[in-house]
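Q: Got a minute to go through this one with me? I'd like to start with how the chains are arranged.
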Amino acid sequence: MKTSISQAALRAAIASVRAQGPLVHNITNYVVMNNSANALLAIGASPVMAHWVDEMEEMTAIAGALVINIGTLDTQWIEGMLAAGLAASRRGTPIVLDPVGAGATSQRTATAWELIRRCHPTIIRGNGSEIMALVNSDIRSKGVDSSATSHDALEAAKILALETGAVVVISGETDYITNGTRVHTVEGGHPIMTAVTGMGCTSTALVGAFAAVVADPMEAATAAMAVMSLAGERAAALARGNGSMQIHFLDELYRLKEADI
Amino acid sequence: MKTSISQAALRAAIASVRAQGPLVHNITNYVVMNNSANALLAIGASPVMAHWVDEMEEMTAIAGALVINIGTLDTQWIEGMLAAGLAASRRGTPIVLDPVGAGATSQRTATAWELIRRCHPTIIRGNGSEIMALVNSDIRSKGVDSSATSHDALEAAKILALETGAVVVISGETDYITNGTRVHTVEGGHPIMTAVTGMGCTSTALVGAFAAVVADPMEAATAAMAVMSLAGERAAALARGNGSMQIHFLDELYRLKEADI
Amino acid sequence: MKTSISQAALRAAIASVRAQGPLVHNITNYVVMNNSANALLAIGASPVMAHWVDEMEEMTAIAGALVINIGTLDTQWIEGMLAAGLAASRRGTPIVLDPVGAGATSQRTATAWELIRRCHPTIIRGNGSEIMALVNSDIRSKGVDSSATSHDALEAAKILALETGAVVVISGETDYITNGTRVHTVEGGHPIMTAVTGMGCTSTALVGAFAAVVADPMEAATAAMAVMSLAGERAAALARGNGSMQIHFLDELYRLKEADI
């Protein structure tokens, strides 16, 4: 794993998550809830999954970050996402948005944009296709997969960052993290990560944990992607297939020591 | 594993899934979403889980197959299932229905029949109890478990196939695949598969992947059940319990080579 | 593992679950459904997950126990929980309530109390914070984590048991099981269990399985917590992190023999 931020900054970020154990409020999709919760626990954060519109105000009030992931949308969940997003925005709580499948259907692209416009996410993380679809609505992705490389999408990410004020993260072979002017990169990981469902969603959840304790969103997002990449490399060396990859990945997150960096 | 279709046909089916990477649209239950998605990724297909009625038309338009599984039903999900099923039916996209728990409650039996009548599934896959309950509504199953053997249900499957025009798959110690006149079988697998939640649902998802790329539904369904059986046998040889069985099963699917057949 | 109940009683309880294979109806949260189902299968019970208000009457009629877990609440699910709880209460079917996150938001505390008042659960299982929040609504917990030790909460548990007529279980380093006058304990388990999401929810599901076949709720709940503790210790000895812990835990449940007690 190679990244733009210093080893000291990465170590400090990991230490902060462990020391503070931030509560990360996730409104995420059904497919990944278990893995996202376990990944957050593995790095020392405290996950809560809750989407009921009636409790969004109170839940947001105790959370260190809000993660919104639109992977399995419907009308009722959008209401919860907006209620939580507005409450978090009002409080200045960091919001991380994962526009899963933006471009796959026009409803997803529109929902992602409604959340961006009304809740002002601090960080937006997607794959290349999703980020490009948010900038150019003519692009149609195939489901939730990325057909674009992360590099292709970097220009789109810069435009999106400047337009929205969010730090934009594109995950791929090389991860790009940009605020529209500066660009951080993370290289590493392993191709088998793309055969495990919800790895992108997990990275979004980890971005939430780091955003809760690291003031600079560029640094928070880069640290999270670096941790994903490092744990992914180590897990891939042990995995026999995508089943064991999912388990080894959690184990490697759990075993990650600051001294390893 | 022993099956009715030729080794060449099975190899060709597996190669087609890998080569084409079909997008499989799943409206399935909360319990199995993660495993179904990982199983589809393991064989080289591309899963999307989406149920929002507003996006069913567009999602169906980009999918190679639609899988509807009624395991954790409610009114809102039934609306999504019908919208997707009608759109897929109109387009000629293969539809695979898993009538989970048919017979356990009259609402499940009725919902399965509403989906059958209105959406005309290409393939229906269930256990013996579920298939028998669809034919004879007096049969009550105990929850989602099969209390009937797959052989007992074969006559019911033939009746259901002739009545609906669907290929009907009964999974069990021996799997039966019938269009009402011809019968394919798959022997193999391992009893520990019944101790892993959602193995039936996973097989339905794989049937969807094969149905997207193999024109003959009898052959598609048989290939999927054969792959389940083969991966199940191999995983069972490595498993210490139902936890590791779930993981080894995904790994074995992932490692399956055409040369293994 | 050390517990208040006799080895003979524990062995008999495990044997009863295996022999009777009770159907356990779970209305539980999205995060843990897969693990709860696999844990129930591992000990020989038969899980069904169903929440649709229309089928609650029929589903409850065939179940040996009902488990209600409020981890990912919303209005529609509360309706299903109440419908199932009222039907089970009328039939005398044991009800186990897991008030996940009580105290984290006032809506969760209120929902837990509505379920208690209207459905009269046989057993309530929570962590220390949750049980204390049910007794003293001024206590606010941080999300779904326990910030109180289980011993601190024992007095609250006794009050709750006497007020509601339910057996109350507090899980923690030492588990306490009380009907307000008598107290059982279970010592054992391992700290890494707290890093696996939904271990508490899994224990609630197992309490449901034992409550379906053991007449005395004190004994049923204690047996379930003892089994959790034993499998947890054994799994922890094999685990490399929280990922493999989740898998080894299921394997150890699956491998548990009465002779091991």
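A: Sure. One definition to begin with: copies are superposed by least squares on the C-alpha atoms of residues with pLDDT of at least 70 in both. Keep in mind that this is a predicted model.

Q: OK, what rotation puts chain C on chain B?
A: A turn of 120 degrees does it, with 0.0 Å of shift along the axis and an RMSD of 0.0 Å. The two copies are thus related as by a three-fold rotation axis.

Q: And which residue of chain C comes closest to the rotation axis?
A: That's Tyr30(C), whose C-alpha is 3.7 Å from the axis. The copies use different surfaces, by the way: 10% of the contact residues of chain C recur in chain B.

Q: How many residues are in contact there?
A: 29 residues of chain C contact 27 residues of chain B. On the chain C side, α2, β3, α3 and α10 each give two or more residues. The largest share, 8 residues, comes from α10(C).

Q: What's the makeup of that side of chain C?
A: It divides into 17 nonpolar, 6 polar and 6 charged residues.

Q: Switching topic: what's the strand order of the sheet in chain B?
A: It's an open sheet of 9 strands with mixed pairing, ordered β1-β9-β8-β7-β6-β5-β4-β2-β3. β1 and β3 of chain B each have a single partner strand, so one side of each is left without a neighbour in the sheet.

Q: How do β8 and β9 of chain B run, parallel or antiparallel?
A: Antiparallel, joined by 5 bridges. In one of them, Asp175(B) partners Val186(B).

Q: Which helix packs on that sheet?
A: α8 of chain B, residues 199-213, does, touching β2, β4, β5, β6 and β7. Its direction makes about 160 degrees with that of β4(B).

Terms used. Residues are numbered from 1 along each chain as its sequence is written. Chains are lettered from A and ligands numbered from 1 in the order in which they are written. This is a predicted model: local features need pLDDT of at least 70, side-chain atom pairs count only at pLDDT 80 or more; totals for chains, interfaces and linings use all residues. Two residues are in contact if their C-beta atoms, placed from the backbone, lie within 7 Å. Helices (H or I, at least four residues) and strands (E, at least two) are DSSP runs, numbered from the N terminus. Ala, Val, Leu, Ile, Met, Phe, Trp, Tyr, Cys and Pro count as nonpolar, Asp, Glu, Lys and Arg as charged, and the others, Gly among them, as polar. Two strands pair if DSSP finds at least two bridges between them. Axes are lines fitted to C-alpha atoms, for helices over the stretch in contact, and angles run from 0 to 180 degrees between N-to-C directions.
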